[in-house]
Amino acid sequence: MGMLLDGKAVSERFREDIKKIVEHKKFKGEKVPCLANILVGNDGGSIYYVNNQNKLCDKLGVKVKSVHLEEKVSEKDLLKAIDNLSEDNDVDGIILQLPLPKHLDEARITAAIPYEKDIDALSSISTGKLYKGEKCFVPCTPKGIIELIKSTGVEIAGKNAVVIGRSNIVGKPVAQLLLNENATVTICHSKTNDLKEVSSKADILVVALGKPKYITKDYIKDGAIVIDVGTTAIEGKLVGDVCFHEALEKAAFVTPVPGGVGAMTTTMLIKNLCEGLE
Ligand code: NAP
């Protein structure tokens, strides 16, 4: 019987560290870190994330500047808002809530965030730097996943890691970070032949496909670490991609949904903000 890998508990440890960083800065008379978040329109999920960021910043003693723009804002006005925050010396990090309304060009707009303030690594420059191993911010969800795996105490180097999903925001960066930790990494996607065969060889299995309860115990190796990134809302409840109770029968560690990966993401954002470029 495996163990629940508790994202809330792990993220709490990081929050304590962040509090200490902020208090230390205050003690030395240095500037308190300042987050700028930009929300366009009234997407329910985005409002939820921004509110969470604001609450956490408040709890940790971090400053926030929130910019809320109307749904039909022009690209020019949104770029102007990003420019203002980029030039504002008080602002250490900018997070633009995605997705954007359809009339806005996401790639062009995220490219306007200078990489020194791009704390969720949204721009292509940050992505390029991550893949080349250059100094940049590590995107928050993938960073939280690696920290959760490390929290088990299991050595990542040399392990067989399988990532199911190849999105730019989760699958690809997680695979790159696992590679940086010297795992042997396989990336699976919708065209992968015999997914069960590949995933059941994984010592570390990261599942980010967005299909509720798709991964049953047949996909899981005995003693594996299983990280469930999936979050699908069903009848008001979040459901993961992994059959949690079946996974516990075989794996050594399994993250729950909710309370696993999602619990880490905002904490990693504020950690990036307070620590600066790695
Ligand atoms: P996405 O862009 O829809 O990508 C899904 C990936 O899964 C694609 O690469 C797709 O393959 C692959 N896939 C779909 N069906 C498959 C199958 N039957 N077998 C193998 N691979 C399959 O999703 P995403 O943005 O990465 O998000 C994935 C899930 O994570 C979603 O539920 C999302 O809500 C959740 N999420 C959670 C957090 C968090 O903080 N907890 C953060 C981000 C995302 P193709 O490329 O071939 O289409």
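**View 1. Strand β7 and its partners in the predicted model.** In this predicted model, Val-206 of strand β7 stands opposite Ile-227, a residue of strand β8. Strand β8 spans residues 225-228, and its pairing with β7 is parallel, made over 4 bridges. Strand β7 also pairs with strand β5, which covers residues 160-164 and is joined to β7 by 4 bridges, again in the parallel sense. Within that second pairing, Ala-161 is the residue that stands opposite Ile-204 of β7. Strand β7 itself comprises residues 204-207 and is covered on both faces, since Ile-204 and Val-206 on one side are buried, as are Leu-205 and Val-207 on the other.

**View 2. The second largest pocket and the residues that line it.** The space in the second largest pocket amounts to about 220 Å³. Its lining includes Ile-164 and Gly-165, together with Cys-188, His-189 and Ser-190. Thr-192, Leu-195, Ala-208, Leu-209, Lys-211 and Tyr-214 are also found among the lining residues. Sorted by class, the lining of this pocket holds 6 nonpolar, 4 polar and 1 charged residues.

**View 3. The segment annotated as a domain.** In UniProt, an unreviewed entry carries the annotation "domain: Tetrahydrofolate dehydrogenase/cyclohydrolase NAD(P)-binding" for residues 139-275. In the model, the chain over residues 139-275 is 35% helix and 19% strand, and the C-alpha atoms at the two ends of this stretch are 14 Å apart.

**View 4. Asn-37 and its side-chain contacts.** Asn-37 lies in strand β2, which runs over residues 34-40. Because its relative accessible area is 1%, Asn-37 counts as buried, the cut-off being under 20%. The side chain of Asn-37 makes a polar contact of 3.0 Å with the side chain of Gln-53, and a polar contact of 2.7 Å with the side chain of Ser-66.

**View 5. Ala-175 in helix α7, and Asn-182 in the loop that follows.** Ala-175 is placed in helix α7, made up of residues 171-180. With a relative accessibility of 5%, Ala-175 is under the 20% cut-off and is therefore buried. From C-alpha to C-alpha, Ala-175 and Gly-165 are 9.6 Å apart in space, while 10 residues separate them in sequence. Gly-165 is also one of the residues that line the second largest pocket. Asn-182 belongs to the loop between α7 and β6, the latter being residues 184-188. The relative accessibility of Asn-182 is 53%, which is over 50%, so this residue counts as exposed. Although Asn-182 is not a glycine, its phi is positive, near 70 degrees.

**View 6. Backbone geometry at Asp-194 and at two cis peptide bonds.** Most residues other than glycine have a negative phi, and most peptide bonds are trans. Asp-194, which is not a glycine, has a positive phi of about 50 degrees. The place of Asp-194 is in the loop between β6 and α8, the helix of residues 195-199. A cis peptide bond is found between Leu-98 and Pro-99, where omega is about 5 degrees, and Pro-99 sits in the loop between β4 (93-96) and α4 (106-110). Another cis peptide bond leads from Val-257 to Pro-258, with omega near -5 degrees. Pro-258 lies in the loop between β11 (253-254) and α10 (262-275).

Notes:
Residues numbered from 1 in each chain as written. Predicted model: local features only at pLDDT ≥ 70, side-chain atom pairs only at ≥ 80, totals over all residues. Heavy atoms only, no water. Buried < 20%, exposed > 50% of the residue type's maximum accessible area, 1.4 Å probe, protein only. Pairing = 2+ DSSP bridges. 1 Å grid on protein atoms, 1.4 Å probe; cavity = no way out; pocket = protein on both sides within 12 Å on 5 of 7 lines; lining within 4 Å. Points joined across faces, edges and corners; volume = space filled by probe spheres on them. Nonpolar A, V, L, I, M, F, W, Y, C, P; charged D, E, K, R; others polar. UniProt positions renumbered as here; feature names shortened; annotations may be inferred. Polar contact = N/O pair within 3.5 Å; in protein donor to acceptor, adjacent residues only side chain to side chain.
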